[in-house]
Amino acid sequence: IEANQAFFAMTGYDAGGLPYRWPQPWVPTAASDPQAWAVIEGAFKRSLDEGGGHFYLPMRHRDGRRVWIDCTSAAVTDSRDGRRMFVGTARDVTLERLSRQREATVARFAAALAPNRSTRALLSAAAEELVSIFEAIQLVAQWTPDPGQRMLLRWPEATADTELDAQVLVALGAAMERPAASVVSQPTTRGTLVLTASLGRPGAAAALAMEVGTSAEHDDLFR
């Protein structure tokens, strides 16, 4: 593979590692991100079959974050030895994609929340959307309708005697004391992340804690 400095800047790597063999280090593996791997593998096979193409590919920056690349490729023949090669261009469209994703998320939230009036109904609608967007493992929302009173909303729903996960509860309590609209990501001992968001003034209003996998896109939604 050969690439210019602009491409290496997008992925965080440099020419010092040439020649990079397939799969290159900026290509997510089937083990770390099976969905991204399926997209890239499909584009790779299509390029071989059709002699190139136009693709939107999820790459992995050297620092671990997701990078989306708008890529166009075409097959050419090396005049020196007749080998088949591919040339192409790549453009970083991560920010554009995240912007569209945020707009779509806001629109879905607005549609889901519009008919609701009570705090429980609002949080239930928000929880449903968040669980769908982040493919959450579990979500707990807490709010204080009156001083000293605590209300909890849990997903998936559980019986009253089922204990809440200690790590999630600790994160939720900390979120209740943070300024409004603050978001924090914390690792768990299970290899997952707990995303917490404060929705009101410290010690009051509402907060939520959501356990998710370790996809790089989770944090990107809040950038």
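**Exercise 1. The pair Asp70 and Arg91**

Task: In this predicted model, find how far apart the closest N and O atoms of Asp70 and Arg91 are, and state which strands hold the two residues.

Solution.
Step 1. The closest N and O atoms of Asp70 and Arg91 are 3.6 Å apart. A salt bridge requires a side-chain nitrogen of Lys or Arg within 4 Å of a carboxyl oxygen of Asp or Glu, so the pair counts as one.
Step 2. Asp70 belongs to strand β2 (residues 66-77) and Arg91 to strand β3; with their positions 21 residues apart in sequence, the pair links distant parts of the chain.
Step 3. Asp70 has a relative accessible area of 11% and is buried. Arg91, at 41%, is partly exposed.
Step 4. As a general point, side chains of opposite charge can pair when their charged atoms come close.

**Exercise 2. Other salt bridges**

Task: Describe the salt bridges Asp63 to Arg65 and Asp78 to Arg83, and classify each residue as buried, partly exposed or exposed.

Solution.
Step 1. For Asp63 and Arg65 the closest N and O atoms lie 3.0 Å apart. Asp63 is exposed at 52% relative accessible area, while Arg65 is partly exposed at 27%.
Step 2. For Asp78 and Arg83 the corresponding distance is 3.8 Å. Asp78 is buried, with 6% relative accessible area, and Arg83 is partly exposed at 48%.
Step 3. Asp78 and Arg83 also belong to a network of salt bridges that includes Arg80 and Asp81.
Step 4. The count of salt bridges comes to nine.

**Exercise 3. A nonpolar patch**

Task: Name the residues of the nonpolar surface patch that contains Leu48, and place Leu48 and Phe86 in their elements.

Solution.
Step 1. The patch consists of Trp22, Phe44, Leu48 and Phe86, which together have about 350 Å² of accessible area.
Step 2. Leu48 sits in helix α2 (residues 34-50), and Phe86 in strand β3 (residues 84-92).
Step 3. A patch residue must have over 30% relative accessible area. Leu48 has 38% and is partly exposed; Phe86 has 33% and is also partly exposed.
Step 4. Apart from neighbours within four places in sequence, Leu48 is in contact with Arg84 and Phe86.
Step 5. The C-alpha atoms of Leu48 and Ala75 are 8.3 Å apart, although 27 residues separate them along the chain.

**Exercise 4. The faces of helix α5**

Task: Which residues of helix α5 are buried, and which exposed residues are on the face turned away from them?

Solution.
Step 1. Helix α5 covers residues 166-176, and its buried residues are Val168, Ala171, Leu172, Ala175 and Met176.
Step 2. Viewed down the helix axis, these residues fall within an arc of 140°, so they line one face of α5.
Step 3. An α-helix has 3.6 residues a turn, so residues three or four places apart point the same way.
Step 4. The face turned away from the buried side of α5 carries the exposed residues Ala166 and Val170.

**Exercise 5. The nonpolar cores**

Task: Which elements give two or more residues to the largest nonpolar core, and which element gives the most?

Solution.
Step 1. The largest core has 17 residues; Leu130, Phe134, Leu139, Ala141, Leu153, Met210 and Val212 touch the most other members.
Step 2. The elements giving two or more residues are α4 (119-134), β4 (138-144), β7 (193-198) and β8 (205-212).
Step 3. Helix α4 contributes the most, with five residues.
Step 4. A second, separate core has 16 residues, among them Tyr13, Val27, Ile40 and Cys71.

**Exercise 6. Cis peptide bonds**

Task: Give omega for the peptide bonds Leu18 to Pro19 and Trp22 to Pro23, and locate both prolines.

Solution.
Step 1. Most peptide bonds are trans.
Step 2. Leu18 and Pro19 are joined by a cis bond with omega about 0°. The bond from Trp22 to Pro23 is cis as well, with omega near -5°.
Step 3. Pro19 lies in the loop between α1 (5-11) and α2, and Pro23 is in the loop between α1 and α2.

**Exercise 7. The whole chain**

Task: How many helices and strands does the protein chain have, and what share of its residues is buried?

Solution.
Step 1. The chain has six helices and eight strands.
Step 2. Of its 223 residues, 36% are buried.

Methods: Residues numbered from 1 in each chain as written. Predicted model: local features only at pLDDT ≥ 70, side-chain atom pairs only at ≥ 80, totals over all residues. Heavy atoms only, no water. Patch = residues over 30% accessible without salt bridge, like charges linked within 9 Å, V, L, I, M, F, W, Y side chains within 5 Å. Areas by Shrake-Rupley, 256 points an atom, 1.4 Å probe, with all protein chains shown as cover. Helix = DSSP H or I, 4+ residues; strand = E, 2+ residues; numbered from the N terminus. Buried < 20%, exposed > 50% of the residue type's maximum accessible area, 1.4 Å probe, protein only. Arc of directions from axis to C-beta. Core = buried A, V, L, I, M, F, W, Y, C linked by side-chain atoms within 4.5 Å. Contact = heavy atoms within 4.5 Å.
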